[in-house]
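Hi everyone, thanks for making the time. I'd like to walk you through a structure that is new to most of us, so let's put it up on the screen.

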Amino acid sequence: MLTCFIIIFVILFCGFYFAKTSKEMPKNWYELKTELRYQYIGLVGLIHDFTYRSRDRVALYKQPGRVAVITGGNRGIGLRIVEKLLACDITVIMGVREPASAEAAVTSVVDLTSSGGELICEPLDIGDLTSVKKFAEKVKARYNKVDLLINNAGIMFAPFKLTADGFESHIATNYLGHFLLTHLLLPELKAAGEAGKNARIVNISSCVNLIGRINYNDINGLKHYYPGTAYSQSKLAQILATRHLQTRLDAQSAHVQVNAVHPGIVDTDLFEHSATTYVPFVKKLLFKNPEQGSRTVVLAAIDPKLEGKGGTYLSNGGLGQMHSDAKDPAKCEKLFKFSCELLKIEDFGNGKI
Ligand SMILES: NC(=O)c1ccc[n+]([C@@H]2O[C@H](COP(=O)([O-])OP(=O)(O)OC[C@H]3O[C@@H](n4cnc5c(N)ncnc54)[C@H](OP(=O)(O)O)[C@@H]3O)[C@@H](O)[C@H]2O)c1
């Protein structure tokens, strides 16, 4: 009996230890609670990925002449998104920190001569508002229409850091930079969209939106910073903004739709700060690979069956479960207005700062 108890305890402890968001042990009740909530959501996510694996498909088709902008894309899920877009003959503009190595990464998996689309790599640090503005200007100078905007770049469970603009790095990188980029490129997206063929924005969020909370009193987590809390806050923010933006676009009768996506639990470098790095074989076994992680994102970007169906949160090729706050239009609007205030945007979507 005692042996049985000890074995169960050791298994549960190892499960907890190696699934932690951090390599350190939780230091107080709040951190332990956050870890346990993450592990519950992670387990539910893995079961969802397994259960709906046959639904998680995207049909690629040729779309020459279309232009997509993606943040990141040099590795992980983004690289596989770029591969699929180029297979559709879509021209892809990548906003990346190191354009030369990003181009090399893409050409290592894609034969560019076989694509009718062009690959353009421009410098972008999405966590730096000045860099976002410069990137948007370059895109605007080259194209007056953008068909797809895929807000992919992200960081997870990083130690506390403020960006040059004074924002905590998760909220800056995962959310605010993309919010600003969307505002700046919206005129080009509207110009590309037409009746029956909306331009599309895809915000890559996460299932951990379910345990997120927007801390309006301390958005940067200065009073108590925990990386898992900062990540889930940024991922919830993406969904709230997605929902309110679609409401605004509908009111303007704009031919643009915006969706949020959970790509699945995917084996990428995103987990670099997590204790899961100690057990890479477990990740290989249980997680999706980056190609599988790219499918629902590309589905949201190009699937004709999703035409006119904006404002949703997708996971494994279907609707996903989102935070109750995301179902409350007033809460979505509150975050949207708060974001405009933080970024000093007076008229969202006019493309100007
Ligand atoms: N993997 C998962 O299980 C999972 C689950 C849910 C949601 N997601 C979301 O999926 C998206 C892609 O994640 P991933 O798993 O592919 O992660 P990844 O392999 O770590 O790739 C992250 C990408 O974001 C870029 N990036 C990070 N900070 C940036 C910055 N300041 N400026 C420009 N680019 C920056 C990286 O570029 P550098 O090479 O320059 O760093 C890289 O291209 C993220 O938004 C993530 O939150 C992932």
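Let's begin at Gly117. Setting aside residues within four places of it in sequence, Gly117 touches Leu85, Leu86, Asp89, Ile90, Thr91 and Val92. To find Gly117 on your screen, look in the loop that runs between helix H4 (99-109) and strand S3 (119-123). And I should say right away that what you see is a predicted model.

Is Gly117 buried or exposed? It has 23 C-beta neighbours inside 10 Å, so it counts as buried. Here is a link to another part of the chain: the C-alpha atoms of Gly117 and Lys62 are separated by 9.7 Å, although these positions lie 55 residues apart along the chain.

That brings us to Lys62, in the loop between helix H2 and strand S1 (67-71). Lys62 has 13 other C-beta atoms within 10 Å, so this residue is partly exposed. Which residues does Lys62 contact, once neighbours within four places in sequence are left out? They are Cys88 and Asp89, and you have just heard Asp89 in the list for Gly117 as well. For Cys88, the C-alpha separation from Lys62 is 4.2 Å, with the two 26 residues apart along the chain.

Now step back into helix H2, residues 29-51, where you'll find Tyr40. Tyr40 is exposed, because just 12 other C-beta atoms lie within 10 Å, and 12 or fewer is the cut-off for that label. From Tyr40 to Gly127 the C-alpha distance is 29 Å, across 87 residues of sequence.

Next, the ligand. How many residues surround it? There are 29, and the closest are Gly72, Gly76, Gly154, Thr268 and Leu270. Two elements give two or more residues to this shell, namely helix H3 (76-87) and helix H6 (169-192). Of the elements, H3 gives the most, with 3 residues. By class, the shell holds 11 nonpolar, 14 polar and 4 charged residues.

Let's stay with H6 for a moment, since it also packs against helix H10, residues 329-343. The axes of H6 and H10 are 11 Å apart and meet at an angle of about 85°, so H6 is roughly perpendicular to H10. On the H6 side you can pick out Leu176, Phe179 and Leu180, and on the H10 side Ser339, Leu342 and Leu343. The contact between H6 and H10 is made of 5 nonpolar residues and 1 polar residue, with no charged ones.

Two backbone details deserve a look. As a reminder, most residues other than glycine have a negative phi. Phe157 is not a glycine, yet its phi is positive, at about 60°. Phe157 sits in the loop between strand S4 (148-151) and H6, and its 21 C-beta neighbours inside 10 Å mean that Phe157 counts as buried. The other case is Asn316, whose phi is near 50°. You'll see Asn316 in the loop between strand S7 (313-315) and strand S8 (318-319). Asn316 counts as buried too, because 26 C-beta neighbours fall inside 10 Å.

Last stop, the start of the chain. UniProt, in an unreviewed entry, marks residues 1-21 as "signal peptide". In the model this span is 81% helix and 0% strand, and its end C-alpha atoms lie 32 Å apart.

That's the tour, and I'm happy to rotate the view for anyone who wants another look.

Conventions
Residues are numbered from 1 along each chain as its sequence is written. This is a predicted model: local features need pLDDT of at least 70, side-chain atom pairs count only at pLDDT 80 or more; totals for chains, interfaces and linings use all residues. A residue is near a molecule or strand if its C-beta atom, placed from the backbone, lies within 6 Å of it. Helices (H or I, at least four residues) and strands (E, at least two) are DSSP runs, numbered from the N terminus. Ala, Val, Leu, Ile, Met, Phe, Trp, Tyr, Cys and Pro count as nonpolar, Asp, Glu, Lys and Arg as charged, and the others, Gly among them, as polar. UniProt positions are given in the numbering used here, feature names are shortened, and annotations may be inferred rather than shown by experiment. Axes are lines fitted to C-alpha atoms, for helices over the stretch in contact, and angles run from 0 to 180 degrees between N-to-C directions. Angles under 35 degrees count as roughly parallel, over 145 as roughly antiparallel, 65 to 115 as roughly perpendicular and the rest as oblique. Two residues are in contact if their C-beta atoms, placed from the backbone, lie within 7 Å. A residue is buried if 20 or more other C-beta atoms lie within 10 Å of its own, exposed if 12 or fewer, and partly exposed in between; C-beta atoms are placed from the backbone.
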